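Reader: Before relying on this structure, I should like to understand the grounds for each statement made about it. Please show the structure and then take my questions in turn.

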Amino acid sequence: MSFSQTLARRDGALFIEDVPVRDLAEAHGTPLYVYSRAGLLERASRLLAAFGPDNLVAYSIKSNMNLAVVRTFVDAGCGVDVTSRGELERALRARADPRKIVYSGAGKRPDEIDRGLEAGLRMFNVESLDELAMIDARARAAGVVAPISFRLNPDVDARTHPKIATGLRTVKFGVPIEEAPAAYAHAKTLSNVEVVGVDCHIGSQLLSLEPMRDALLKLKTAVLSLRQAGHEIRLIDIGGGLGVEYQDGDVPPTPEEYADMALEVVGGLGAALVCEPGRSLTAGAGYLVSRVLYQKQNEQKSFVILDAGMNDYVRPAMYGSPVRVETESTRASAPVDLVGPVCESTDRFAEGYALPEVSNGDLVVFRDVGAYGFCMASTYNGRPLPAEVMVHGSRVERVRRRQSVEETWTGELQPQWDDEPTADDR
Ligand code: LLP
């Protein structure tokens, strides 16, 4: 079953839930990120229901860390998967229960580990023996015992974009699964870590369950042999990675298919499952509203220049990700290159895109950008970060105000040796 559409056309006008996109653009300006609360909640509740109350859905906050978005998931019953102190503080600010927070990532700094220990997290997913030694040392200094699992690298090809595949030996992630017995045996000799689980994440935007099933089968074998060696494995963290439909023809597994597969493979082991979904909860519930600035043609190409650029939504430039946009006009027109104002040729959202005929000033709404959208935005080319709003029925809440131009240099200082300092925040 696919998800309900939260972007609709009514009498030719585009609506997100019950709010005309035109009103959003007029009230909040463009480029503007818009999140549908109903869209976020539908995705979270289906996954929560599919995994059931005995397992933990830890929202991977990296995909969209806006506090209102995180809070929506936390209130729905999710935990949070974090990878930095910044993400941890956000999760806590959004009132996540620390016992539902798992801490992943290949390079946790000592101060970040300290904060995680202080907060009382559910588990640290450890990615190397060096990191294990650091966690043990920091826990000893704090007089506590750190709950840990090892992130095991199963050497499985996730069959996704190489930049977001994490389950092969050619990438930095995890401990080779064959080394699990030695790693866990070593952990047992340390007095300030307690083994509580295993963890695995093979990549993102997975459109097939097969690689994940392969990885989980390997994880199951590892759990059984670790148990035989006397390790108590109470948690099995299966990572994130469930893909979404970015283009017509993509058919991602449903939340139910995903959970059924995981429960079938590793559900019967007497351990609670943890999953770390990011994209699948946020992508389809987020939109980027932009306007056409200008249009131009040369003998080879037609360009539509938008007021949103690669600094606002970097995925097409970074991963060659396809986009889908909606306009109020539906009059067919010749294909165009959809580009932004940033001074790089890679600031192109799509090449040869079948955009309907548009006029300057028209709205162009990007779909499926709720994940890895705003959180990867930058001020490149001196462009302020866009505003973010959340729609709930006919209500609209601004959940992040647009950055001002002055704020783009907040924190910068002139060197003392300058005769006349110009920064005013010294
Ligand atoms: N858990 C771990 C340990 C991860 O590394 C990730 C994503 C997730 C969970 C969440 O994966 P998801 O459910 O969102 O696929 N910026 C890239 C995606 C990077 C994903 C990194 N790790 C993009 O825009 O495609």
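Author: The exchange below concerns a predicted model, beginning with confidence and then turning to the ligand and the backbone.

Reader: What is the mean confidence of the protein chain?

Author: The mean pLDDT is 96, and 98% of the residues reach 70 or more. On a scale from 0 to 100, strand β10 (residues 175-176) has the lowest confidence, with a mean of 92. Strand β4 (residues 32-36) has the highest, at 99.

Reader: What makes the pair formed by E276 and the ligand a polar contact?

Author: A polar contact requires N or O atoms within 3.5 Å. A nitrogen atom of the ligand lies 2.6 Å from an N or O atom in the side chain of E276, so the pair meets that cut-off. The backbone also takes part: an N or O atom of G278 is 2.8 Å from a ligand oxygen atom, and for R279 a backbone N or O atom is likewise 2.8 Å from an oxygen atom of the ligand.

Reader: How much of the ligand does the protein cover?

Author: Of the 580 Å² of accessible area that the ligand has on its own, the protein covers 91%. The ligand takes up the space of the largest pocket.

Reader: Which residues around the ligand come nearest, and how is the shell composed by class?

Author: There are 18 residues around the ligand, of which S204, E276, R279, R315 and Y372 come nearest. The shell has five nonpolar, seven polar and six charged residues.

Reader: Where is the peptide bond from T30 to P31 placed, and is it cis or trans?

Author: The bond is cis, with omega near -10 degrees. P31 belongs to the loop between α1 (21-28) and β4.

Reader: What is notable about phi of Q205?

Author: Phi is near 55 degrees, a positive value in a residue other than glycine. Q205 lies in the loop between β11 (193-199) and α8 (210-228).

Notes. Residues numbered from 1 in each chain as written. Predicted model: local features only at pLDDT ≥ 70, side-chain atom pairs only at ≥ 80, totals over all residues. Heavy atoms only, no water. pLDDT = per-residue confidence, 0-100. Helix = DSSP H or I, 4+ residues; strand = E, 2+ residues; numbered from the N terminus. Near = heavy atom within 4 Å. Polar contact = N/O pair within 3.5 Å; in protein donor to acceptor, adjacent residues only side chain to side chain. Areas by Shrake-Rupley, 256 points an atom, 1.4 Å probe, with all protein chains shown as cover. 1 Å grid on protein atoms, 1.4 Å probe; cavity = no way out; pocket = protein on both sides within 12 Å on 5 of 7 lines; lining within 4 Å. Sits in = over half its atoms within 2 Å of the grid points. Nonpolar A, V, L, I, M, F, W, Y, C, P; charged D, E, K, R; others polar.
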